[in-house]
Amino acid sequence: MWSFILRRVLIMIPMMFVISIVCFVITELQPGDFLSQYLENPRISPEQIETLRRELALDKPAHYRYFMWIKNIIFKGDFGYSFSYQRPVVELIWERLGWTVAIALFTIGFQWLIAIPMGIYSALHPYTVSDYTLTVVGFIGLSIPEFFMALVLMYLILRLGGTAVGGLFSPQFIGAPWSWAKFVDMLNHIWLPIIVVGISGLAGLMRIMRGNMLDIIGSPFVTSLRARGLEEKVVRKHVIKNALNPLVSIAGMELPNIFSGTIIASIVLNLPTIGPFFYNALLNHDQYLVMTFLMFIALITQIGNLLADIALALLDPRIRIS
């Protein structure tokens with residue numbers, strides 16, 4: 001197991017190098033640069049723009065800027081400087097990383113706690129009214145865009161007299177030190193983004209769990225277990241355990257998907273996450289901030305897949321032996 005983990009970690013190094021090249025090329029293909037927004041500003045002269053271009057090294061060739069960026073990452077841990085915020089990129093991302101990870105993990109937990117029981121129930125009651133009802137409800141959640149779901153829930157909360165809409169804290173708790181009252185206020189706010197972000201993935205996970213259960217229920221080893229006289233409760237336990245394997249593999253991809261797929265919902269809900277931050281960086285041509293975010297998503301994807309493979313090996317002895 002340890003040799004497998006070491007190999008995977010070593011493979012990440014050349015992969016991240018290739019991804020860094022792709023990220024740089026993509027950002028370079030974007031028309032204009034950070035100073036393009038000032039070209040039509042009458043208060044800024046062309047001479048001032050050229051001075052800024054030299055200070056930000058935007059007058060250098062693309063390959064020179066790339067190698068300087070990579071060199072600073074390897075030897076200094078410096079991912080560049082944000083043109084818009086005039087601060088190191090790592091500091092800006094680190095400030096928003098905690099809430100982004102927290103919402104992503106809570107969302108995955110919410111999806112699993114709801115989707116797996118729904119899939120198990122549908123598989124044990126196939127082609128019944130309850131099965132079709134759960135399927136319809138799941139696909140309704142899948143078909144509604146996240147930003148629209150956020151707007152609908154915010155409207156319903158306000159109509160019912162609630163005030164915990166938008167952001168993660170009430171105004172009086174923003175910037176305040178942590179206390180029990182602030183923690184309770186956070187819980188009153190955080191459930192909304194968890195539902196908005198997580199509801200779209202419920203239908204897919206539920207259908208996968210249902211399909212896996214139905215395939216395994218009809219497999220020869222389940223028939224053999226029943227022929228040996230095992231109780232139905234024990235048979236279901238083996239069926240569920242085997243049906244979870246594909247879901248564990250999918251879980252490795254869920255984290256980066258939630259990171260990158262909630263930008264619009266985060267903007268609507270005014271969440272202090274990386275998503276809106278990345279969107280503003282794209283609009284402002286904040287090159288190093290955009291590249292660092294893309295690199296971060298790629299790293300999270302590889303780490304998520306590694307953790308999913310480890311969890312799968314712990315769950316299934318056959319995979320661990322192989």
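In the exercises below, a residue is buried if its relative accessible area is under 20%, exposed if over 50% and partly exposed in between, with a 1.4 Å probe and protein chains only. The model is predicted, so local features need pLDDT of at least 70 and side-chain atom pairs count only at pLDDT 80 or more, whereas totals for chains, interfaces and linings use all residues. Residues are numbered from 1 along each chain as its sequence is written, and side-chain values use heavy atoms, with hydrogens and water left out.

**Exercise 1. Describe the chain as a whole, beginning with how many helices and strands it has.**

Step 1. Helices (H or I, at least four residues) and strands (E, at least two) are taken as DSSP runs numbered from the N terminus, and on this basis the chain has 13 helices and 0 strands.

Step 2. The C-alpha trace spans about 85 × 55 × 40 Å along its principal axes, and of the 322 residues in the chain 40% are buried.

Step 3. A contact requires heavy atoms within 4.5 Å; of the contacts in the chain with a separation of 6 or more, 73% join residues 24 or more positions apart.

**Exercise 2. Compare the span of helix H1 with the expected one, and find which helices its buried residues pack against.**

Step 1. H1 covers residues 2-29, which is 28 residues, and reaches 41 Å from its first C-alpha to its last.

Step 2. The expected span is 1.5 Å times one less than the number of residues, and for H1 the 41 Å is close to the 40 Å expected.

Step 3. The buried residues of H1 are Ile5, Met12, Met16, Ile19, Ser20, Cys23, Phe24 and Thr27, and they pack against helix H3 (62-76) and H12.

**Exercise 3. Analyse the packing of helices H11 and H12: at what angle do they pack, and which residues make the contact?**

Step 1. Axes are lines fitted to C-alpha atoms, for helices over the stretch in contact, and angles run from 0 to 180 degrees between N-to-C directions; H11 (residues 274-283) and H12 (residues 287-315) pack at about 140°, their axes lying 9 Å apart.

Step 2. That angle makes H11 oblique to H12, given that angles under 35 degrees count as roughly parallel, over 145 as roughly antiparallel, 65 to 115 as roughly perpendicular and the rest as oblique.

Step 3. The crossing of H11 and H12 is left-handed, a term for a near helix turned anticlockwise from the far one by less than a right angle, with clockwise giving right-handed.

Step 4. H11 contributes Ile274, Phe277, Phe278, Ala281 and Leu282 to the contact, and H12 contributes Leu289, Val290, Phe293, Leu294 and Phe296.

Step 5. With Ala, Val, Leu, Ile, Met, Phe, Trp, Tyr, Cys and Pro counted as nonpolar, Asp, Glu, Lys and Arg as charged, and the others, Gly among them, as polar, the contact of H11 with H12 has 10 nonpolar, no polar and no charged residues.

**Exercise 4. Characterise the packing of helix H7 against H4 and against H6.**

Step 1. The axes of H4 (residues 89-124) and H7 (residues 180-217) come within 5 Å and cross at roughly 40°, which makes H4 oblique to H7.

Step 2. H4 and H7 cross in a right-handed sense, and their contact holds 25 nonpolar, 6 polar and 1 charged residues.

Step 3. H6 and H7 pack at about 145° with axes 9 Å apart, again in a right-handed crossing.

Step 4. On the H6 side the contact is made by Glu146, Met149, Ala150, Leu153, Met154 and Ile157, and on the H7 side by Trp191, Leu192, Ile195, Val196, Val197, Ile199 and Ser200; by class these are 11 nonpolar, 1 polar and 1 charged.

**Exercise 5. Is alanine 150 buried or exposed, and which residues does it touch?**

Step 1. Alanine 150 lies in helix H6 (residues 146-159) and counts as buried because its relative accessible area is 0%.

Step 2. Leaving out residues up to four places away in sequence, alanine 150 touches Val196, Val268 and Leu269.

Step 3. The C-alpha atoms of alanine 150 and isoleucine 264 are 9.8 Å apart, although 114 residues separate the two along the chain.

**Exercise 6. Where are glutamine 86 and tyrosine 127 found, and what is the sign of phi at each?**

Step 1. Glutamine 86 sits in the loop between H3 and H4, and tyrosine 127 in the loop between H4 and helix H5 (129-143).

Step 2. Neither is a glycine, yet phi is positive, at about 55° for glutamine 86 and about 60° for tyrosine 127.

Step 3. Glutamine 86 is exposed at 57% relative accessibility, and tyrosine 127 is exposed at 58%.
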